[in-house]
Amino acid sequence: MKTLGMLGGMSWESTQHLYALINRGVAARLGGLHSADLLLHSVDFAPIAALQTAGDWAGAAAVLGAAGTGLCRAGAEALLIASNTMHLVANDVERAAGLPVLHIVDATAEALRAAGVRRAGLLATRFTMEQGFYRERMWQRFGIEVVTPDEPGRAEVHRIIYEELCRGRFEPDSREALRSQVAALAERGAQAAILGCTELGLLLPAGAPAALPLFDSTDLQARAAVDWMLG
């Protein structure tokens, strides 16, 4: 089994979920008492969130790059960023740490392509929905078009993530709000909806009733991690 380094804490609510998914995946594949050979650096999210809000992505990249370098020295052979948003700086983290990042967009896009999806809706943080890194990688590498909610919809999804899910709050009204956004994406021609924030699947799991098939990026990232570790 190869050793994987995880950059987590953004938020810890989703990091613990991803940690469990990877360990369960390894156990399912190997049986017995097997678990994942993981190294975890869990950052303090508050300073990272402040850098995100300020648009200081270089500062955020420096923090994760230093953490990734530490994981490399500890024996990690690749990195997993336990946050969709922070994949905005994935290339910087790779360069700083000298390790490949198992990219969450690639894992998600592979599943979409296998399902025949060519136009997907994206629910995520405002940064992920509005910055080009997610949309461009989906299109340039996989030929999948990404659409997002309108401005009020993006603001509401972002609020749910930062004010509720990252703080361990899971409100039924917010679950219905997410379902409404999925329905709006369907009206815009989306064939599926990407749960493109690591916390969203905690509130609206991929198998939950919705107007479109739901693709949980966290679950898909975990599966890709297990495939890499045991490949």
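The following dialogue discusses a sheet and a helix pair in a predicted model.

Colleague: How are the strands of a sheet held together, and in what order do the four strands of the open sheet stand here?

Modeller: In general, strands of a sheet pair through backbone hydrogen bonds, in either a parallel or an antiparallel manner. In this model the order is β5-β4-β6-β7, and the pairing is parallel.

Colleague: Which strands stand at the edges?

Modeller: The edge positions belong to β5 (145–147) and β7 (214–216). Each has a single partner strand, so one side of each is left without a neighbour in the sheet. From one strand to the next, the twist averages 35 degrees.

Colleague: How many bridges join β4 to β5?

Modeller: Strand β4 (residues 119–123) is joined to β5 by three bridges, and the two run parallel. Within β4, Ala120 stands opposite Val146 of β5.

Colleague: Where does helix α11 lie with respect to the strands?

Modeller: Helix α11 lies across β6 (192–195) and β7, and its direction makes an angle of about 50 degrees with β7.

Colleague: At what angle do α5 and α11 pack, and how is that angle to be read?

Modeller: Angles of 65 to 115 degrees count as roughly perpendicular. Helix α5 (residues 104–114) packs against helix α11 (residues 217–230) at about 100 degrees, with the axes 8 Å apart. The two helices are therefore roughly perpendicular to each other.

Colleague: Which residues make the contact between α5 and α11?

Modeller: Helix α5 contributes Ile104, Ala107, Thr108 and Ala111, while α11 contributes Ser217, Leu220, Gln221 and Ala224. Of the residues in this contact, five are nonpolar, three are polar and none is charged.

Technical notes: Residues are numbered from 1 along each chain as its sequence is written. This is a predicted model: local features need pLDDT of at least 70, side-chain atom pairs count only at pLDDT 80 or more; totals for chains, interfaces and linings use all residues. Side-chain values use heavy atoms; hydrogens and water are left out. Axes are lines fitted to C-alpha atoms, for helices over the stretch in contact, and angles run from 0 to 180 degrees between N-to-C directions. Angles under 35 degrees count as roughly parallel, over 145 as roughly antiparallel, 65 to 115 as roughly perpendicular and the rest as oblique. Contact means heavy atoms within 4.5 Å. Ala, Val, Leu, Ile, Met, Phe, Trp, Tyr, Cys and Pro count as nonpolar, Asp, Glu, Lys and Arg as charged, and the others, Gly among them, as polar. Two strands pair if DSSP finds at least two bridges between them.
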